[in-house]
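Biologist: I'd like a walk through this one, with a close look at a single part. Give me the overall picture and then zoom in.

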Amino acid sequence: MHRAVQVDGRTTHYWEYGPAVGAEGRARNAPPATVLAVHGFRGDHHGLESVAAHLVAGHPSGVRVIVPDLPGFGTSDPLPTADLDAYVAWLDGFHSALGLDGDTVVLGHSFGSIVVAASVAAGLDTRLLVLVNPIAAPALQGPRAIGTAVAIAYYRLGARLPRALGLGLLRNRGIVRAMSIAMLKSADPTVRRWVHDQHDRYFSAFANRTSVLEAFRTSVTSDVSQFADRIAVPVLMVAAERDDITAVPEQRALASRLRDAELVVVPEVGHLVHYETPAAAAAAVLRRMADPAPGAPGRRKRASTPRRASATRRPTAPEGPNAPEGPNGGAADRTRRTGGDPS
């Protein structure tokens with residue numbers, strides 16, 4: 001279900017998946033839990049629809065999943081300045097505008113992992129923080145520094161050229177396809193066609209050139225490790241064995257710095273866990289959501305020893321493997337064929 005809300009005078013569009021929700025935003029049959037999920041850079045809510053579908057289908061009594069378009073992406077209004085402080089203020093305002101509380105699970109993918117981690121470190125209340133393909137280490141250091149510098153130059157050029165030329169460069173289908181190919185690990189032709197189609201459709205839905213440049217600069221000058229010492233809530237990290245953006249050793253280093261962290265490593269996949277193996281990610285989240293709340297009797301602190309998740313990537317339908325049929329998810333039969341419980 002598509003909705004919109006005002007946050008500091010700007011419109012944020014968001015989508016709800018799961019149990020039917022009344023006009024005032026309250027579930028008619030109150031679900032046991034809510035998940036607020038924040039997508040990554042240059043994407044929009046579509047990127048997390050498959051994860052949302054598996055969360056909804058896999059929960060025994062139904063879970064409400066809320067996925068906003070980040071400001072400046074999809075159909076949401078841009079921020080005046082797209083720096084990390086502004087994203088944190090926006091998420092806090094969005095959380096409050098929807099009347100969410102500490103029982104809401106907060107999830108972020110890729111750049112979204114930075115936004116949610118910074119927000120929780122700044123005081124956003126949640127019972128569980130979920131980081132999918134988290135950006136666990138600085139992008140401007142180490143082996144990725146050269147590639148990051150090239151990407152910064154690309155976005156700067158796109159912002160400085162005359163408008164038509166700049167937008168043409170930033171939305172160039174060949175460049176978008178090259179980015180998609182670089183991140184995609186599946187060899188299955190149906191999966192590859194679907195992921196490329198998703199990127200073709202939604203990877204260039206940004207409000208303006210300034211917003212995308214500032215957002216990219218924010219994404220490469222920040223990382224989750226900056227906030228590790230200020231995150232006191234339980235954290236579930238869903239990492240990928242072949243992630244070219246943040247390698248598993250860096251994910252382990254981040255997990256070791258967090259007070260209460262569990263690291264699940266999905267094998268044979270890269271930075272597109274949300275597209276290629278959404279069932280594995282959702283299964284890990286649902287398992288942790290079943291844990292007692294922090295401070296409840298019987299709850300024990302999790303070790304940061306990595307777990308491995310199974311990750312079957314067999315396509316489920318020609319129109320899009322692992323994708324929900326509509327805005328409210330569903331497709332339980334697809335879930336059974338595409339998922340894998342953490343082992």
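What percentage of the 343 residues in the chain do buried residues make up? And for the close look, which residues are linked in a network of salt bridges?

Modeller: Ground rules come before anything else. This is a predicted model with residues numbered from 1 along each chain as its sequence is written, where local features need pLDDT of at least 70 and side-chain atom pairs count only at pLDDT 80 or more, while totals for chains, interfaces and linings use all residues. Side-chain values use heavy atoms, with hydrogens and water left out.

To your opening question: 59% of the 343 residues are buried, meaning under 20% relative accessible area with a 1.4 Å probe and protein chains only; exposed is over 50%, and partly exposed lies in between. The chain's accessible surface (Shrake-Rupley, 1.4 Å probe, only the protein chains shown counting as cover for residues) is about 13,800 Å², and carbon and sulfur atoms hold 52% of that. There are 12 helices and 9 strands, taken as DSSP runs numbered from the N terminus (H or I, at least four residues, for helices; E, at least two, for strands). Contacts (heavy atoms within 4.5 Å) lean on distant partners: of those with a separation of 6 or more, 76% are between residues 24 or more positions apart.

Now the network. Glu262, Arg287, Arg288 and Asp291 are the residues linked by salt bridges, each bridge being a side-chain nitrogen of Lys or Arg within 4 Å of a carboxyl oxygen of Asp or Glu. Side chains of opposite charge can pair when their charged atoms come close. Glu262 pairs with Arg287, with 2.9 Å between the closest N and O atoms. That bridge joins distant parts of the chain, as Glu262 sits in strand β8 (residues 261-266) and Arg287 in helix α11 (residues 278-289), 25 residues apart. Glu262 has a relative accessible area of just 2%, so it counts as buried. Arg288 and Asp291 meet at 3.0 Å, N to O, and both of them are buried too.

The structure has 10 salt bridges, and another one makes a nice comparison: Lys185 with Asp244, at 2.6 Å N to O. Here the partners are 59 residues apart, Lys185 in the loop between α6 (173-183) and α7 (189-202), Asp244 in the loop between β7 (235-240) and α9 (248-257). Lys185 is at 17% relative accessible area and so is buried, whereas Asp244, at 48%, is partly exposed.

Thr246 lies in that β7-α9 loop as well. Its relative accessible area is 0%, so it is buried. The Thr246 side chain comes to 3.4 Å from the backbone oxygen of Pro134, a polar contact (N or O atoms within 3.5 Å, one able to donate a hydrogen and the other to accept it within protein, with residues adjacent in sequence counting only if both atoms are side-chain atoms). Beyond its neighbours within four places in sequence, Thr246 touches residues including Ile135, Arg144 and Gln251.

Back at α7, a side-chain oxygen of Asp188 reaches to within 2.9 Å of the backbone nitrogen of Thr190 at the helix start. Buried residues of α7 include Trp194, His199 and Tyr202, and their cover includes α1 (49-58), α6 and α10 (273-276).
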